[in-house]
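User: I'd like to learn how to read a protein model with a ligand in it. Could you walk me through a few features, one at a time?

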Amino acid sequence: MRKKIVAGNWKMNLNYDEAVALYNDLKNGVELMDQEIKVIIAPSAIYLSEFSQSKNSRIALAAQNCNENKNGAYTGEISPSMLAALGIQYCLVGHSERRAYFKESNELLKLKIDALLANSVAPIYCFGEVLAEREAGNHFNLVKDQISKALFHLDEEEILKVIFAYEPVWAIGTGVTANPDQAEEMHGFVRELLAEKYDQSIADEISILYGGSCKPSNAKELFANSDVDGGLIGGAALKAETFIPVINGFRE
Ligand code: PEP
């Protein structure tokens, strides 16, 4: 059975006191929850070191980005081996904000994926279309391209380590959510791609998260879809009062 996962992307939000307060609130809130659901947060990189020392936390940590190189003269960057040395288990790759503002291409993301896997850090690979691509009916082709260019060189053992996150760009931070049918349709399409490239048993093992204005009021109906294995949450991950009810969207 594939994992159910809810991951919170804090982006460039929360100063130190706020970040620590939220982390503590989440630790307390998540402690008693269903162990079946994996909870991950991706805070600003400067908090990873401190949070990674927290004992007995059920909350796994993700970086929001990494550099594709091993080490060297790349001022301001963080390598996968630095993340691994702190015990960071996950790293977001290809978030639409990085694709848009930092011009990250599928070819570059492929290198980041390889560098992370070489250091046993699991990539959370984000992909999804902008509104114009959906309106032009090009969203399936685009997603296929994003996935095949960055991931389809991986072997079976490697692809099983990747968490997929479908994030339609028109739904990120806009308050507009893909309806459950739109989410399920794309997740089903991605699973079919995986079955064609690898095989059905591999496709059935891989978690595909939905991201884009997922919040307490819609998490339950999104997570009820058979191919939606959880969520990547932005705005609603910034408060325990909203993030915990999103995780609870798996209940009932
Ligand atoms: C995100 O940025 O990954 C995201 C899903 O943001 P939001 O939930 O705010 O739309």
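Analyst: Gladly. Let's start with Lys103, which sits in the loop between H4 and helix H5 (106-118). Keep in mind that this is a predicted model.

User: What is the phi of Lys103?

Analyst: The general idea comes first: most residues other than glycine have a negative phi. Lys103 is not a glycine, yet its phi is positive, about 55°. Its relative accessibility is 65%, so Lys103 counts as exposed.

User: And Ser213: where is it placed, and is it buried or exposed?

Analyst: Ser213 belongs to the loop between strand S7 (208-211) and helix H11 (216-223). Here too phi is positive, about 55°, in a residue that is not a glycine. Ser213 is buried, because its relative accessible area is 15% and the cut-off for buried is under 20%.

User: Which residues come nearest to the ligand?

Analyst: Ser213 is one of them, along with Lys11, His95, Glu167 and Gly173, out of 14 residues around the ligand. By type, that shell divides into 4 nonpolar, 8 polar and 2 charged residues.

User: How should I read the polar contacts of the ligand?

Analyst: Look at which part of each residue takes part. With Glu167 the side chain is involved: one of its N or O atoms is 2.7 Å from a ligand oxygen. With Ser213 a backbone N or O atom lies 2.7 Å from an oxygen of the ligand. Gly235 also uses a polar backbone atom, at 2.8 Å from a ligand oxygen. As for cover, the ligand taken alone exposes 300 Å², and the protein buries 95% of that.

User: Now the interior. How many residues does the largest nonpolar core have?

Analyst: In soluble globular proteins, nonpolar side chains tend to be buried together. In this model the largest nonpolar core has 70 residues, and Trp10, Tyr125, Ile147, Leu151 and Phe164 have the most contacts inside it. There is also a second, separate core of 15 residues, with Ala7, Tyr90, Ile163 and Ala165 among them.

User: What about buried residues in helices, such as His187?

Analyst: His187 is in helix H9 (residues 180-197). With a relative accessible area of 0%, His187 is buried. Beyond its neighbours within four places in sequence, His187 is in contact with Tyr166, Ile208, Leu209, Tyr210, Asp227 and Val228.

User: Which residues does Ser96 touch?

Analyst: Leaving out residues up to four places away in sequence, Ser96 touches Val169 and Ile172. Ser96 lies in helix H4 (residues 96-101), and at 14% relative accessibility it counts as buried.

Definitions and conventions: Residues numbered from 1 in each chain as written. Predicted model: local features only at pLDDT ≥ 70, side-chain atom pairs only at ≥ 80, totals over all residues. Heavy atoms only, no water. Core = buried A, V, L, I, M, F, W, Y, C linked by side-chain atoms within 4.5 Å. Buried < 20%, exposed > 50% of the residue type's maximum accessible area, 1.4 Å probe, protein only. Near = heavy atom within 4 Å. Polar contact = N/O pair within 3.5 Å; in protein donor to acceptor, adjacent residues only side chain to side chain. Areas by Shrake-Rupley, 256 points an atom, 1.4 Å probe, with all protein chains shown as cover. Nonpolar A, V, L, I, M, F, W, Y, C, P; charged D, E, K, R; others polar. Helix = DSSP H or I, 4+ residues; strand = E, 2+ residues; numbered from the N terminus. Contact = heavy atoms within 4.5 Å.
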